[in-house]
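This explanation leads a new reader through one structure, moving from its strands to its interior and then to an annotated site. Please keep the sequence and the model in view while reading.

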Amino acid sequence: MPTDTLFAKIARREVPAQIVYQDEVVTAFHDINPVAPTHILIIPNKVIPTMNDATDDDAALLGRLMLTAQKIAKQVGIAEGGYRLVVNCNPDGGQSVYHLHVHLLGGRKMTWPPG
Ligand code: AMP
């Protein structure tokens, strides 16, 4: 497993990003290439490359990612209108950065199915 990633560098503030929330477990920051009016990424501070690499020991951490997304959605005012949480896994899932992250997307009506 890789021990370092672009997103780990963002969490350690070695690479600049618009961080909106951080604690000892998770970091949230604006996506550099937003595909919705609100597009925020929520990551574990520790490196988990893909959803495939998460284990039972990460159950609380995975919940923390989702609940952090929920809290940010409320803070930025998209909770009532609605939003989408996305985790892409590996090439067929559209993953490009191999550090597990939840996309928080909102501020416009989403379509289904995704491309
Ligand atoms: P995924 O394709 O699910 O792996 O998503 C990776 C996301 O990371 C994409 O939406 C990118 O726009 C975003 N991204 C890549 N580099 C950065 C960066 N330096 N700061 C913020 N977001 C980034």
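In which sense do strand β1 and β2 pair, and over how many bridges? The model is a predicted one, and in it β1, residues 19-22, pairs with β2 in the antiparallel sense over 3 bridges. The connection from β1 to β2 is a hairpin of 3 residues. Within this pairing, I19 stands opposite F29 of β2.

Strand β2 also has a partner in β3. The strand β3 comprises residues 38-44 and runs antiparallel to β2, to which 5 bridges join it. Here F29 appears again, with L41 as its bridge partner in β3. Strand β2 itself, residues 26-30, is mostly covered, since 4 of its 5 residues are buried.

The interior may be considered next. The largest nonpolar core consists of 15 residues, and those with the most contacts inside it are A28, I40, I42, I48, L65, I72 and L104. Two or more residues are given to this core by each of β2, β3, α2 (59-76) and β5 (102-106). Helix α2 supplies the largest share, namely 5 residues. One of the well-connected members, I42, illustrates these contacts: beyond residues up to four places away in sequence, I42 touches T27, A28, L65, T68, A69, I72, L100, H101, V102 and L104. There is also a second, separate core of 7 residues, which includes F7, F29, L41 and V97. The bridge partners F29 and L41 are thus both found in this second core.

Helix α2 deserves a closer look. At 1.5 Å a residue, its 18 residues should span 26 Å, and the end C-alpha atoms are indeed 26 Å apart, so the expected and computed values agree. Which residues of α2 are buried? They are L61, L65, T68, A69, I72 and A73. These residues lie on the same side of α2, because they cover an arc of only 135 degrees around the axis. An α-helix has 3.6 residues a turn, so residues three or four places apart point the same way. The buried residues of α2 pack against β1, β2, β3, β4 (83-86) and β5. On the face turned away from this buried side, α2 carries the exposed residues A60, K71 and K74. Just after the helix, G77 takes a positive phi of about 85 degrees.

Annotation from a record can now be placed on the model. An unreviewed UniProt entry gives the annotation "domain: HIT" for residues 6-115. This span is 25% helix and 23% strand, and its end C-alpha atoms lie 25 Å apart.

The same kind of record leads to a particular histidine: UniProt (unreviewed entry) places the feature "active site" at H101. Where is H101 located? Its place is in the loop between α3 and β5. With a relative accessibility of 6%, H101 counts as buried, the cut-off being under 20%. Leaving out residues up to four places away in sequence, H101 touches F7, L41, I42, I43, V86, V87 and Q95. Among these contacts, F7 and L41 belong to the second core.

Another histidine, H99, is found in the loop between α3 (90-93) and β5. Is H99 buried or exposed? It counts as buried, because its relative accessibility is 0%. Apart from neighbours within four places in sequence, H99 is in contact with T5, F7, A8, I43, P44, N45, K46, V47, I48 and P49.

Conventions:
Residues numbered from 1 in each chain as written. Predicted model: local features only at pLDDT ≥ 70, side-chain atom pairs only at ≥ 80, totals over all residues. Heavy atoms only, no water. Buried < 20%, exposed > 50% of the residue type's maximum accessible area, 1.4 Å probe, protein only. Pairing = 2+ DSSP bridges. Core = buried A, V, L, I, M, F, W, Y, C linked by side-chain atoms within 4.5 Å. Contact = heavy atoms within 4.5 Å. Expected span 1.5 Å × (residues − 1). Arc of directions from axis to C-beta. UniProt positions renumbered as here; feature names shortened; annotations may be inferred.
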